[in-house]
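The following paragraphs explain how the strands and helices of this structure are arranged. Please keep the sequence and the three-dimensional view at hand while reading.

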Amino acid sequence: MKPNHFGLITSSILFLTFIVLSLVFQSTTYLYIASVGPLLIVPFIPDIRSGQYIRPNQAKGAVRLITMENKDKSGSDFLVILFDQGFVKWDHKQLYFNLDDVMKDVYIKPDPFAATMTVLKYDLSLHRSKKGWVGISLAQLQQRMSQLSYTTNEINRIIIQMSDVHELMQKTVSQPAAAGRSVGA
C-alpha cells in the first residue's frame, strides 16, 4: 500500500490542534476528540518493514552480488546473492537489490555447508519508485522453502537467472509504450 502523505499530515495536524485546544481552553471535550486522533493517524502510517534493501557497500562484507557465466553454453548467466546467515530479514515482504551493485567474474569459494535458494521468474518485481532496484518476494520463497529440508536460517545464497531479470526490465519498459498506443487508438 502506497503511503498517503496528505492523510498522514492532515490527521496529525488535527490531532495536535485538538490537544492544543484542550490545553488552552482546559476542555475535556477537546481532549476526548483528540483521543480519537491516533485512530485517524494509524491507517496513513507507511509500512516501514515491507522491504529490505541490499547495499553491499554499506554491509561491510555481509552481502555480495555476483554474476556468473553458465558453463554449459546455454547463454543464461546467473546472479548469485551471497550473504551471511541471518543477514536477510525473512519477516519482510521484499528483498531489494540494485543492478548497479552487481560485480562480474568474481570467484566464489566452494562451501560444503552452503544452502541455496533459487528465485523463479514470478518471484521478481521492480521497485515502484527506485529505478534499477529489483525485488524478490520473501513470502513466496518461504512458502517454497517449507517443502525443503533446510530452513531460512540456513540459507546463505540466492540464485537468479539474469535472463529473468532482463525479461522483467524489458517487460516494464515496453508496457508504458503499449498502454499509450492503445489509448490513442
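Two strands are taken to pair if DSSP finds at least two bridges between them. The model discussed here is a predicted one. On the pairing criterion, strand S3, residues 78–83, and strand S9, residues 155–161, are joined by 5 bridges and run antiparallel. Within this pair, Ile 81 of S3 has Ile 158 in S9 standing opposite.

The pair belongs to an open sheet of 5 strands, whose order is S5-S2-S3-S9-S6 and whose pairing is mixed. In general, strands of a sheet pair through backbone hydrogen bonds, in either a parallel or an antiparallel manner. At the edges of the sheet are strand S5 (103–104) and strand S6 (115–119), each of which pairs on one side only. Helix H4, residues 138–145, lies across S6 and S9 and runs at about 120 degrees to S6.

A further arrangement concerns two helices. Packed helices are described by the angle between their axes and the distance between the axes. For helix H1 (residues 5–25) and helix H2 (residues 28–35), the axes come within 8 Å and cross at roughly 160 degrees. Angles over 145 degrees count as roughly antiparallel, and H1 and H2 are therefore roughly antiparallel to each other. Their crossing is left-handed.

Which residues make the contact between H1 and H2? From H1 come Phe 15, Phe 18, Ile 19, Leu 21, Ser 22 and Phe 25, while H2 contributes Tyr 30, Leu 31, Ile 33 and Ala 34. Classified by residue type, the contact of H1 with H2 comprises 9 nonpolar residues, 1 polar residue and no charged residues.

Terms used. Residues are numbered from 1 along each chain as its sequence is written. This is a predicted model: local features need pLDDT of at least 70, side-chain atom pairs count only at pLDDT 80 or more; totals for chains, interfaces and linings use all residues. Side-chain values use heavy atoms; hydrogens and water are left out. Helices (H or I, at least four residues) and strands (E, at least two) are DSSP runs, numbered from the N terminus. Contact means heavy atoms within 4.5 Å. Axes are lines fitted to C-alpha atoms, for helices over the stretch in contact, and angles run from 0 to 180 degrees between N-to-C directions. Angles under 35 degrees count as roughly parallel, over 145 as roughly antiparallel, 65 to 115 as roughly perpendicular and the rest as oblique. A crossing is left-handed if the near helix is turned anticlockwise from the far one by less than a right angle, and right-handed if clockwise. Ala, Val, Leu, Ile, Met, Phe, Trp, Tyr, Cys and Pro count as nonpolar, Asp, Glu, Lys and Arg as charged, and the others, Gly among them, as polar.
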